[in-house]
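Fancy a few exercises on reading a protein fold? Keep the picture at hand and try each task before you look at the solution.

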Amino acid sequence: MTPYREFLVRRFGLAPEAVAAAEAQRREKGGRLEEILLQQRLLTEEQLLEAAAERLGVEFWPRLPARGIEPSFAARVPLAFLKRHGIVPLRYESPPSLAECGLAASDPQRPACPAGCVFALHDLQALPALDDLVRLLGVCDYKLVLSTREAILAAIHVQHDLSRGSAEQIVQDLEENGTTILSEIEETADLLEDSSDAPVIKLVNHIISQSVKARASDIHFEPYQNSFTVRYRVDGILYDLLTPPKWIQPALISRVKVMAKMNIAEKRLPQDGRFDVRVGDQDIDVRVSTVPTAFGERLVLRLLNKSGSLLQITELGLSAARLETLRRLSAQPNGILLVTGPTGSGKTTTLYAILQSINQPGINIITIEDPIEYQIKGISQIQVNPKIDLTFARGLRSIVRQDPDVILIGEIRDKETADIAVQSALTGHLVFSTLHTNDSPSAITRLVDIGVEPFLISSSVLAVLAQRLVRVLCADCKQPYAPRTVYLQSIGLRPERFAERPVFKAAGCEKCFQTGYRGRIGIFEIMLMSEELKSLIIQTYDANRIKALAVQEGMVTLREDGIEKVLEGLTTLEEVLRVTQA
């Protein structure tokens with residue numbers, strides 16, 4: 001056994017046989033021992049870096065503090081060089097503390113190093129590149145540390161953002177050179193491959209990149225009578241990003257329309273377009289929609305991160321019992337499973353997760369969607385196109401002749417689509433679709449309103465799943481508190497339910513952009529079509545009576561599921577009340 005293997009076995013308590021097998025795989029197939037140990041999950045990235053730091057006699061910093069970084073290096077070093085080699089040069093005005101670097105000590109406020117230069121490295125094979133970088137920057141005295149790839153990339157992005165200035169600084173440059181800049185944009189507006197460094201182009205790029213880093217789902221360009229506002233939506237809530245001068249509005253909107261290959265001369269009619277961008281290692285699909293308003297065109301950009309993997313059915317936020325119910329429903333040979341909720345409540349994500357869970361070589365799955373948000377291997381997906389009369393109904397009529405086992409309809413919008421869905425379910429197909437209703441019982445009322453006969457609904461629908469998305473509390477800053485009894489009683493909750501388990505509230509920190517929340521999770525309501533419910537639907541389609549019977553049979557409502565997630569410390573009472581009805 002080599003000294004390095006002996007060191008890993010001794011340092012982390014690995015089984016010698018496992019390390020020997022990894023070494024044999026390296027000799028047979030090539031590669032590096034560290035990569036094989038990572039792939040086999042024998043060691044984590046942090047453990048490998050700790051071991052490398054110990055052997056090299058340097059420190060391992062789990063985090064690279066962003067506070068106090070000088071951006072002076074960024075302008076002198078190509079960004080691609082830093083990313084390729086996993087190196088970031090930092091110059092701290094004030095020394096970072098041990099706690100900021102993720103290091104444990106009796107005194108976490110003690111400086112981790114003196115103020116000055118720090119070079120963070122991810123891979124020891126990049127040491128020759130580090131020597132070149134040190135010579136390029138003319139640095140004599142520096143501290144070398146190892147850090148994770150994620151921490152190094154984050155520091156590179158922070159440094160790069162600081163070096164090129166904030167959005168406000170770019171806007172200030174625009175104001176100083178307004179007339180010249182507008183003429184530049186007008187001259188180059190239709191040059192899609194333009195490499196100009198015009199400030200308006202820089203500003204649009206900055207807005208998109210900052211929105212992606214903030215995990216935004218939408219960017220709004222909103223014109224008003226005497227002002228112009230840019231906002232983005234993070235975890236379902238809109239936040240102000242920028243308020244540029246009103247006169248910049250036409251140039252900004254024209255730039256986005258050029259990127260989306262839209263007609264920049266047409267400002268009186270709504271338009272749709274799309275384009276792809278890359279921010280760091282993320283590929284983003286941007287859908288653009290414009291509508292004319294009294295004060296200019298209003299734009300909304302929908303950001304879809306294609307680099308992010310689809311959620312598995314176990315990651316949606318379903319309890320164990322509801323997860324088992326959903327698995328059982330998706331294994332049925334025929335019938336309709338409806339997913340309901342308002343726009344942006346995660347219906348498509350849930351349906352994709354279900355399709356992935358049943359996607360097998362022996363099953364033929366075909367979808368018709370508007371739009372196709374993710375490409376799923378092994379599933380045939382059809383894009384609705386009204387311009388050539390490829391509607392949901394017309395596409396669905398063709399799908400049933402393609403011998404499908406499972407059909408996904410993006411949305412049931414009209415009687416014709418609903419009728420074909422019902423007939424498909426009755427003739428041996430499993431059908432998934434969405435409806436825009438507030439809760440599960442209302443879906444039945446909606447189908448009857450569309451024109452579907454109640455006896456067909458009771459014969460074909462297996463269950464209705466309603467859902468909402470609530471923001472998840474930031475794990476780094478959430479704070480326990482005791483909700484007041486008067487408050488709980490006023491919203492119809494029993495105070496004794498909150499007596500034994502802690503309840504948390506949002507606080508705010510750097511990691512969650514001072515919002516107190518990071519990410520979202522679903523709350524669900526599953527209404528199973530029992531024999532009693534089917535009989536009631538044939539008699540009446542009153543949503544209130546249907547809901548009363550479903551609750552009597554054990555249905556957990558959206559509000560109740562939300563309260564369970566509050567008691568689990570995942571979200572807040574305010575979030576649950578925000579997205580559920582009384």
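Here come five exercises with worked solutions, all on a predicted model.

**Exercise 1: two packed helices**

Work out how H14 and H15 are oriented towards each other: roughly parallel or roughly antiparallel?

Step 1. Find the helices: H14 covers residues 392–399 and H15 covers residues 415–426.

Step 2. Take the angle and the spacing. The two pack at about 20°, and their axes are 8 Å apart.

Step 3. Compare with the cut-off: angles under 35 degrees count as roughly parallel. So H14 is roughly parallel to H15.

Step 4. Add the handedness: H14 and H15 cross in a left-handed way.

Step 5. See who does the touching. H14 brings Phe 392, Ala 393, Leu 396 and Arg 397, while H15 brings Glu 416, Thr 417, Ile 420 and Ala 421. Sorted by class, that contact has five nonpolar residues, one polar and two charged.

**Exercise 2: a sheet and its helices**

Put the six strands of the open sheet in order, then find which helices lie on it.

Step 1. Walk across the sheet: the order is E7-E6-E5-E10-E9-E8, with antiparallel pairing.

Step 2. Look at the ends. E7 (237–242) and E8 (271–279) are the edge strands, as each of them pairs on one side only.

Step 3. Check the twist: on average, neighbouring strands here are turned by 25° against each other, direction ignored.

Step 4. Zoom in on one pair. E9 (residues 282–293) and E10 (residues 296–305) run antiparallel and are joined by 10 bridges. In one of these, Thr 293 has Gly 296 of E10 as its bridge partner.

Step 5. Add the helices. H11 (residues 249–259) packs on the sheet, where it touches E5, E6, E8, E9 and E10, and its direction makes about 45° with that of E10. H10 (residues 199–213) lies across E5, E6, E7, E8, E9 and E10, running at about 140° to E5.

**Exercise 3: two loop residues**

Decide whether Val 139 and Thr 148 are buried or exposed.

Step 1. Place them. Val 139 is in the loop between H6 (127–137) and E4 (143–146), and Thr 148 is in the loop between E4 and H7 (149–164).

Step 2. Use the cut-off: buried means under 20% relative accessible area. Val 139 has 13%, so it counts as buried. Thr 148 has 6%, so it counts as buried too.

Step 3. Look for neighbours. Leaving aside residues up to four places away in sequence, Thr 148 touches Glu 45, Glu 46, Leu 49, Phe 60, Trp 61, Pro 62 and His 122. As for Val 139, its C-alpha atom is 8.0 Å from that of Cys 117, with their positions 22 residues apart along the chain.

**Exercise 4: positive phi**

Say where Arg 215 and Asp 403 sit, and how accessible they are.

Step 1. Recall the background: most residues other than glycine have a negative phi.

Step 2. Read the angles. Phi is about 65° for Arg 215 and near 55° for Asp 403.

Step 3. Place them. Arg 215 is in the loop between H10 and E5, and Asp 403 is in the loop between H14 and E14 (406–409).

Step 4. Judge accessibility: at 30%, Arg 215 is partly exposed, whereas Asp 403, at 61%, is exposed.

**Exercise 5: an unusual peptide bond**

Find which residues a cis peptide bond joins.

Step 1. Remember that most peptide bonds are trans.

Step 2. Check omega: it is about -5° for the bond between Asp 370 and Pro 371, which is cis.

Step 3. Place it: Pro 371 lies in the loop between E12 (365–369) and E13 (380–383).

How values were computed. Residues are numbered from 1 along each chain as its sequence is written. This is a predicted model: local features need pLDDT of at least 70, side-chain atom pairs count only at pLDDT 80 or more; totals for chains, interfaces and linings use all residues. Side-chain values use heavy atoms; hydrogens and water are left out. Axes are lines fitted to C-alpha atoms, for helices over the stretch in contact, and angles run from 0 to 180 degrees between N-to-C directions. Helices (H or I, at least four residues) and strands (E, at least two) are DSSP runs, numbered from the N terminus. Angles under 35 degrees count as roughly parallel, over 145 as roughly antiparallel, 65 to 115 as roughly perpendicular and the rest as oblique. A crossing is left-handed if the near helix is turned anticlockwise from the far one by less than a right angle, and right-handed if clockwise. Contact means heavy atoms within 4.5 Å. Ala, Val, Leu, Ile, Met, Phe, Trp, Tyr, Cys and Pro count as nonpolar, Asp, Glu, Lys and Arg as charged, and the others, Gly among them, as polar. Two strands pair if DSSP finds at least two bridges between them. Buried means under 20% relative accessible area, exposed over 50%, partly exposed in between (1.4 Å probe, protein chains only).
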